[in-house]
Structure formats: C-alpha cells, structure tokens
Amino acid sequence: MSSQPTTGLEARDGAATRLPSDSGDVLLDVRDLSVVYESAGQTAVQAVDHVSFQLRKGEFVGLVGESGSGKSTLGYALTRLQKPPARTNGGSIVFGGADIRDLDDEALRQQRQGGFAMVLQSGMNALNPVRTIRNHFIDVFNAHGHVPRERWDSRMRELVGKVKLPESMLARYPGELSGGMRQRVSIAIALSLEPQLMVFDEPTTALDVLVQHAVMDTIIELQRSEGFTAVLISHDLGIVLEATERVLVMHEGRIVEDGGSREILRDPQDEYTQMLLSHYADPRAEVVSLPGFPDRSLRGTDQTRQETTSSFSTVGSRERSAARNPITVEHLVKTYPAPRRGEDPVRAVRDVSFTLEPGQSLALVGQSGSGKSTIAKLLTGVEQPTSGAVRFGDLDVTRLGRRGLRDLRSEVQMVFQDPYAALNPLHTVEYTLTRPVVNYTGLRGREARHRVLELLETVGLTPVEQFAQKLPHQLSGGQRQRVVIARALASDPQVIIADEPVSMLDVTLRAGVLALLEDLREQWGVSLLYITHDLLSARLITDDIMVLHDGAVVERGRTADVLQHPQDDYTVALLDAVPNPRRRLAS
C-alpha cells in the first residue's frame with residue numbers, strides 16, 4: 001500500500017482503506033502499522049497486519065470485528081498502552097506531528113494531557129477497588145498537574161455531572177456501583193485529561209440493553225459537546241452502526257472495509273461485513289431467522305415446529321433421563337440489608353411466582369438489578385429467600401442441608417455469564433470435567449475419561465483428545481463457554497439455569513452457543529431457565545418469557561406473543577433499546 005495519502009479506496013490483498021483527501025484536518029495518521037505478540041518458546045502471532053487509516057478532527061469512527069480480529073490490540077497501540085509480549089514491528093502512528101512510537105515516557109506522559117485517552121473494556125477492572133472515586137480523580141490530577149489543587153473539587157463535580165452521575169458517587173468505591181456507573185466513571189476520568197482523541201474499548205460489553213443504550217447516548221453527547229475525535233471499538237456491529245459516522249471493519253488483523261455507516265449498512269462490500277450484519281434481527285418481527293436457526297423463526301406460534309438435525313452427536317449408549325420434576329416458585333421475596341447507614345434495604349425479589357415445567361424453556365428477562373441472577377441463586381440454594389418457597393419436585397429447596405443441596409445440584413446445574421472467570425486457569429479441560437463426573441456419577445479411571453470425551457463431543461469440541469489437554473487460555477471465549485456447558489452436563493441434570501451465557505461473546509460465537517443450548521434441550525430433554533437481557537436470543541431459544549423489573553414480574557406469556565405485542569411499558573423500553581442497525585436507514 002502506498003504510504004502517501006490518496007483519495008477514494010486503496011486495496012491491499014483485498015483490504016479496503018479510506019484515506020481523506022484533505023490532510024489539513026487529520027488528527028491521527030496510521031501508516032502500515034503492524035503489531036505482533038511474541039512469547040518465549042511460542043510462535044509469533046501477527047495481531048495487526050499492515051494497517052493504514054487516518055482520523056479527522058471531531059470524527060466519530062467505529063472499529064468493529066470479532067475476538068481475535070486485532071481491534072483491541074490496535075486501540076492499545078494507538079494510545080501506546082500495549083505491553084509485552086505485544087510490540088509494534090512496523091509502521092508509524094503520527095499524532096500532533098510526532099510519531100508516538102518514538103516518544104520516551106516523559107514525553108508520552110505530557111502528550112496524554114490534551115492528547116489521547118482510552119476507556120478500557122471492564123469498568124471494574126479499570127478502577128482500584130480499595131480507593132474511592134474521588135481518589136481516582138486525585139491520582140490523575142497529581143500525575144499530570146493540569147488542575148490546580150483549589151479546583152479539584154469543582155472539577156470532579158463538573159466531570160461526574162458530564163457523565164450524568166450525582167456528586168455522591170465521588171465518596172463511593174467501585175464495588176458499590178453498577179456496571180454502567182463504573183463505565184461512566186471511567187469515561188469521566190478519561191475526560192479529565194481534555195483529550196483530542198478518545199478510544200473506547202468495548203464500553204458496553206456485558207451491560208444490559210437499557211444501560212448499554214444509556215452509556216452509548218452519554219458517549220455520543222460528550223463527543224458532540226466536547227468535540228473530541230472518538231474511536232468506538234466493539235464486536236457489536238449493530239451498536240457501532242447506530243452510533244458512528246464511519247466504520248472500519250477488522251478481520252484477521254486487517255481492515256477489510258472502511259466506509260460511512262449508512263453506506264456499509266446499505267451495501268456492505270466485504271463478505272465478512274455481510275456475515276456480521278446477517279446476525280441482526282428485530283425480535284418483534286413476525287419471522288425471525290438468523291444463521292444457525294433456520295427452523296426456529298416461528299417459535300411461539302401455533303404452527304408445528306419442523307424437525308431439526310442436531311449439531312452434535314453423543315458417544316456411547318448411556319441413557320439420558322429427561323426432566324421429570326418441575327421447579328415451583330411461590331411468592332418469593334429476597335431483601336438485602338441496607339448497603340449504608342441511612343439507606344433503605346434492597347428488595348431484590350418481590351413476590352415472584354412461577355413454574356418451570358419438565359422440558360420447558362423459560363426466559364427470565366430484565367436489566368441489571370432486576371433480580372434475575374438473585375432468583376437463580378435462590379433456585380440453586382446458594383442463597384436463602386427472605387420469604388416464600390422454592391420446590392424441586394417434592395423437595396423444599398429452602399430446607400435442604402449440605403447433603404440435600406449436593407443432591408439438588410446434581411439435578412440443577414448453572415452455566416455462568418463469564419466464560420473467562422468460570423474456569424480455573426491452572427486446570428486442563430479434562431481435569432475440569434473429570435471432577436464433576438467423579439463426584440456425581442461415581443465413574444473412575446477409563447470410564448470417567450470416556451465420559452469426559454463424550455461430553456466434549458456433545459458440546460462440539462472436536463477432536464476431543466486435543467481439547468481435553470488444553471488450558472483455558474488456549475481456548476476462545478465460545479470454546480470456554482462450551483466447556484462450562486459440558487461441566488454443567490456432567491451430572492446428567494434435569495434443569496440447566498443459564499445466566500447470561502452469551503453476553504460476553506461475539507455474534508457468531510453467540511449463535512453457536514445458543515444453538516447448542518437449544519439442541520441440548522431437545523436431545524437431552526432438560527428444562528432450561530434462560531436468564532438474559534438479550535430479547536433476540538430469548539425469541540430464538542425459549543418457549544415462554546417472564547419480564548422482571550425492580551424484582552417484580554411485570555409481564556409473562558409465550559415468548560413470541562409477549563415480544564410482538566408487549567403490554568407493559570418496561571417491555572417496550574427493552575425492545576426499543578435492542579441494537580438494530582437498520583433503524584438508522586429509517587431515521
């Protein structure tokens with residue numbers, strides 16, 4: 001690729017890059033940039049491969065791609081935050097007339113003030129859990145010396161106000177804030193440097209649709225009012241197309257498409273972009289059809305469901321026992337003590353009643369704080385209700401002792417939200433699966449190993465012998481979640497409670513895990529309680545739905561009926577917040 005600016009599109013091995021013709025308003029000029037990961041004793045991985053693009057002053061650009069595409073690595077390189085084993089091995093990053101690759105530590109520190117800043121993916125990981133939010137701001141003020149001490153308090157209040165947080169947040173610790181609040185605090189801290197360029201790395205990952213929508217509205221408003229150039233890094237093309245003016249699509253370390261958001265939405269040129277767009281649909285549509293779900297689009301109607309072919313096979317002749325016991329919840333209440341003196345107790349669950357019938361798939365939908373995960377903990381005996389009853393068949397879950405709970409958990413298993421935190425990084429996949437096989441089935445030795453390999457094939461991790469010996473860091477997010485599902489299946493449960501199992505996965509990985517859960521329900525006959533804020537996935541894999549708001553059920557019924565004809569304003573708000581890139585064409 002030529003190193004000089006040109007007009008239009010330039011191609012390098014099929015990669016298209018848009019370069020502005022007028023360089024007078026160019027803020028950042030990236031030329032032929034490459035980043036490689038080199039670890040001792042391992043093959044080097046080219047994460048960013050000869051990437052070139054320019055950013056104009058005041059431009060809002062999306063950088064989209066799946067996990068492993070190189071987008072976050074590129075974001076870290078743009079702000080000089082990459083650490084070993086990552087290193088740039090070619091190209092230039094010119095900001096303010098200087099190549100930031102050549103800056104020493106002191107010059108880089110000075111450049112960050114009024115230059116560039118990055119908002120990291122996880123608000124909790126980006127903040128120190130033992131320091132108040134006020135102290136986080138003070139650390140930045142001390143490091144850069146750009147705010148006089150007498151203005152510290154007023155500047156902090158001004159910054160938290162810009163991200164729509166009350167002044168009381170300054171006295172709190174990160175653990176006392178919701179995910180959306182923590183992300184707003186991270187944005188406010190980055191704003192304190194008055195940057196010309198802000199890089200947002202997956203700022204809405206794992207947030208529910210309403211909080212996600214609110215955070216994105218805040219970012220859009222700030223970008224317009226403050227006038228900084230913004231780069232929004234995300235695996236969610238729907239969010240990017242709704243928010244940004246221009247989109248860079250990355251795949252395998254290269255920019256494969258660069259164009260205006262409307263232009264890409266109307267006529268995507270690259271097959272990879274077309275594939276990403278194919279995974280979006282309106283959950284309210286009469287027919288919902290996504291890749292991997294050709295026969296699931298009429299779920300919830302009176303039409304007979306077509307037979308599907310399972311995406312996996314089972315090994316051996318072990319009989320699978322279908323679910324035979326319902327879970328019955330009656331007038332469930334859970335109240336937590338007040339978090340601080342003078343504050344009210346937290347009513348997490350308010351008089352909730354429902355029955356999960358054998359073989360049923362039920363979605364429990366609501367935003368963060370609605371009580372969904374608390375209900376899951378109550379159903380599995382992890383926590384005790386303040387009042388009400390939980391029964392599994394004839395068993396009263398609230399009265400079970402240690403042995404009774406152990407027996408219950410052989411029949412009721414959880415699939416957790418975060419596939420990265422759910423697995424011990426020191427244990428191989430085989431060890432992780434062998435423990436529940438031994439504990440719950442009594443199999444030993446060769447029989448236990450055979451069962452482990454069977455589970456791996458069941459969840460589509462083949463060749464099974466190779467995956468059995470891998471450690472979690474050697475797996476993708478989707479593969480890790482499949483291991484978590486295999487672990488849940490190890491005890492031959494009657495019920496699987498899946499708590500936001502795809503919220504941290506890319507759209508293609510998400511589709512594979514959802515199809516797996518649906519196939520398991522059909523092939524094994526398990527009951528599925530699917531906890532989610534993703535209404536599209538609920539439409540795809542569940543028969544019935546309950547909508548929770550502030551701990552109470554506000555709507556319930558057949559999934560398609562509720563989503564197509566919502567009766568409660570809260571359900572309507574959830575539906576309106578679902579990312580839908582095609583809305584932009586209609587606006």
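I started at helix H11 and found this helix mostly covered, with six of its eight residues buried. A reminder to myself before going on: this is a predicted model.

**Entry 1: H11 and its sheet**

Which residues of H11 are buried? I listed Lys372, Thr374, Ile375, Ala376, Leu378 and Leu379. Just past the end of H11, I noted glycine 381 with a positive phi of about 75°.

Next I wanted the sheet beside this helix. I traced an open sheet of four strands in the order E14-E13-E16-E17, and the pairing is antiparallel. Strand E14 (346-356) and strand E17 (395-396) are at the edges with a single partner strand each, so each has one side without a neighbour in the sheet. I then looked at how E14 is held to strand E13 (residues 327-336): the two run antiparallel and are joined by seven bridges. As a landmark I marked valine 329, which stands opposite phenylalanine 354 in E14.

Back to the helix: H11 (residues 372-379) packs on this sheet and touches E13, E14 and strand E16 (387-392). I wrote down about 60° for the angle between the direction of H11 and that of E14.

**Entry 2: another open sheet**

I looked up a sheet with the order E4-E3-E6-E7, which is open, has four strands and pairs antiparallel. Which strands stand at its edges? They are strand E4 (45-56) and strand E7 (98-99), and each pairs on one side only. Between strand E6 (residues 86-95) and E7 I found two bridges, with the strands running antiparallel. Valine 94 has aspartate 99 of E7 as its bridge partner.

A helix packs here as well: H1 (residues 71-78) touches strand E3 (26-37), E4 and E6. The direction of H1 makes about 120° with that of E3.

**Entry 3: H4 against H5**

My notes on helix pairs use two quantities, as packed helices are described by the angle between their axes and the distance between the axes.

For helix H4 (residues 133-144) and helix H5 (residues 152-162), the axes come within 11 Å and cross at roughly 115°. The crossing of H4 past H5 is right-handed. Which residues make the contact? From H4 I have Arg134, Phe137, Ile138, Phe141 and Asn142. From H5 I have Trp152, Asp153, Arg155, Met156, Leu159 and Val160. Sorted by class, this contact holds seven nonpolar, one polar and three charged residues.

**Entry 4: H16 against H17**

I repeated the lookup for helix H16 (residues 477-489) and helix H17 (residues 507-524), whose axes come within 10 Å and cross at roughly 20°. Because that angle is under 35 degrees, H16 is roughly parallel to H17. This crossing is right-handed.

On the H16 side, the contact residues are Gly478, Gln481, Arg482, Ile485 and Leu489. On the H17 side, they are Leu509, Gly512, Val513, Leu516, Leu517, Leu520 and Trp524. By class I noted eight nonpolar, three polar and one charged residues for this contact.

**Entry 5: alanine 490**

I followed the chain on from H16 and stopped at alanine 490, in the loop between H16 and strand E19 (495-499). Is alanine 490 buried or exposed? Its relative accessibility is 0%, so I recorded alanine 490 as buried.

What surrounds alanine 490, leaving aside neighbours within four places in sequence? I found contacts with Pro436, Val437, Thr441, Arg451 and Leu455. I also checked valine 438, which lies 52 residues from alanine 490 in sequence and 9.1 Å from it in space, C-alpha to C-alpha.

**Entry 6: strand E19 and its partners**

The loop led me to E19, which is mostly covered, with five of its five residues buried. Val495, Ile497 and Asp499 point one way from the strand, while Ile496 and Ala498 point the other way.

I then looked up the pairing. Strand E18 (residues 412-415) runs parallel to E19 and is joined to it by four bridges. Valine 412 has valine 495 in E19 as its bridge partner. E19 also runs parallel to strand E20 (residues 527-532), with five bridges between them. Here the bridge partner of valine 495 is serine 527 in E20. I closed the notebook on valine 495, having met this residue in the bridges to valine 412 and to serine 527.

Notes. Residues numbered from 1 in each chain as written. Predicted model: local features only at pLDDT ≥ 70, side-chain atom pairs only at ≥ 80, totals over all residues. Heavy atoms only, no water. Axes fitted to C-alpha atoms, helices over the stretch in contact; angles between N-to-C directions. Parallel < 35°, antiparallel > 145°, perpendicular 65-115°, else oblique. Left-handed = near helix turned anticlockwise from the far one by under 90°. Contact = heavy atoms within 4.5 Å. Nonpolar A, V, L, I, M, F, W, Y, C, P; charged D, E, K, R; others polar. Pairing = 2+ DSSP bridges. Buried < 20%, exposed > 50% of the residue type's maximum accessible area, 1.4 Å probe, protein only.
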